[in-house]
Amino acid sequence: MKTMTKVIAGAFTAVAIFIGTNVKAQTTPANSLRFGVGVEGLLPVGNLHDGSNVGLGGTARLQYGVNKNVALTLTSGYYNFFGKTVSESVTTPTGTATTSFKGRSLGIVPVKAGIKAFVADGFYFSGEAGAGFEVHEPIAGEDKSTKLILAPGLGYATKSWDIGARYENFSGGNSGSYGTVGLRIAYGFGL
């Protein structure tokens, strides 16, 4: 499953680069820097969904226009996946009792490099790769771990706004692999 996700992410990025370099519409100025600040809505999937129903994040992105259809990106920030309350029924000699506990939140600091390939006026495909650093208080016998991040996505950008959706896969480390579906809304400006 992990290998298949990596293959799909790589293929998605290659297609985005190929299509983006063959488009004639001007969508991003060449040799220009942009900076954007965004808010992230995150929906945990896979193993991460066992401990969290929702996440929220904030990111900053630096973007460099290689040519009018391709831009390189560098993104970092903070994601917080809120721990959910888990309830379970326990049978006792006197009947059934319900116990519940609140799971801990998981924080991640992502550092990703990526590419945006503009395929039409404002529309783009993207691919990012990097590392995610877990930030939490470890439980006895558990270490914080670093994850490999692979994230294919798509979006729409104007001169000031950038709205993008992506699947982000976190793999490796001590606490297993997991993923999230993210929606980023950002405000950006030229430098």
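**View 1. Strands β4 and β5 pair up side by side.**
In this predicted model, strand β4 (residues 85–92) and strand β5 run antiparallel and are joined by 8 bridges. Follow the chain from β4 into β5 and you will pass through a hairpin of 2 residues. To find one rung of this pairing, look for Val90, whose bridge partner in β5 is Ala97. Is strand β5 buried or in the open? Strand β5 covers residues 95–102, and because 0 of its 8 residues are buried, the strand lies largely in the open.

**View 2. Thr75 sits within strand β3.**
Here we move to Thr75, a residue of strand β3, which spans residues 70–83. How much of Thr75 can be reached from outside? Its relative accessible area is 1%, and buried means under 20%, so Thr75 counts as buried. As a general point to keep in mind, side chains in a regular strand alternate between the two faces of the sheet.

**View 3. The side chain of Thr75 has two polar partners to look for.**
Which side chains make polar contacts with that of Thr75? One is the side chain of Arg61, at 2.8 Å. Another is the side chain of Glu128, joined to that of Thr75 by a polar contact of 3.2 Å. Now widen the view to the residues in contact with Thr75, leaving aside its neighbours within four places in sequence. Arg61 and Glu128 appear again in this group, together with Thr59, Ala60, Pro110, Val111 and Lys112.

**View 4. His136 lies in a loop between two strands.**
Our next stop is the loop between β7 (123–135) and β8 (146–157), where you can find His136. Is this loop residue buried or exposed? His136 has a relative accessibility of 8%, so it counts as buried. Try locating Asn80 as well: His136 and Asn80 are 56 residues apart in sequence, and their C-alpha atoms are 10.0 Å apart in space.

**View 5. Stepping back shows the whole chain.**
Let us finish with the full picture: 1 helix and 10 strands make up the secondary structure of the chain. Starting at the N terminus, the helix comes before the strands, in the order α-β-β-β-β-β-β-β-β-β-β. The chain has 191 residues, and 39% of them count as buried. Among contacts with a separation of 6 or more, 60% are between residues 24 or more positions apart. The accessible surface comes to about 10100 Å², and carbon and sulfur atoms account for 66% of it.

Note on methods. Residues numbered from 1 in each chain as written. Predicted model: local features only at pLDDT ≥ 70, side-chain atom pairs only at ≥ 80, totals over all residues. Heavy atoms only, no water. Helix = DSSP H or I, 4+ residues; strand = E, 2+ residues; numbered from the N terminus. Buried < 20%, exposed > 50% of the residue type's maximum accessible area, 1.4 Å probe, protein only. Contact = heavy atoms within 4.5 Å. Areas by Shrake-Rupley, 256 points an atom, 1.4 Å probe, with all protein chains shown as cover. Polar contact = N/O pair within 3.5 Å; in protein donor to acceptor, adjacent residues only side chain to side chain. Pairing = 2+ DSSP bridges.
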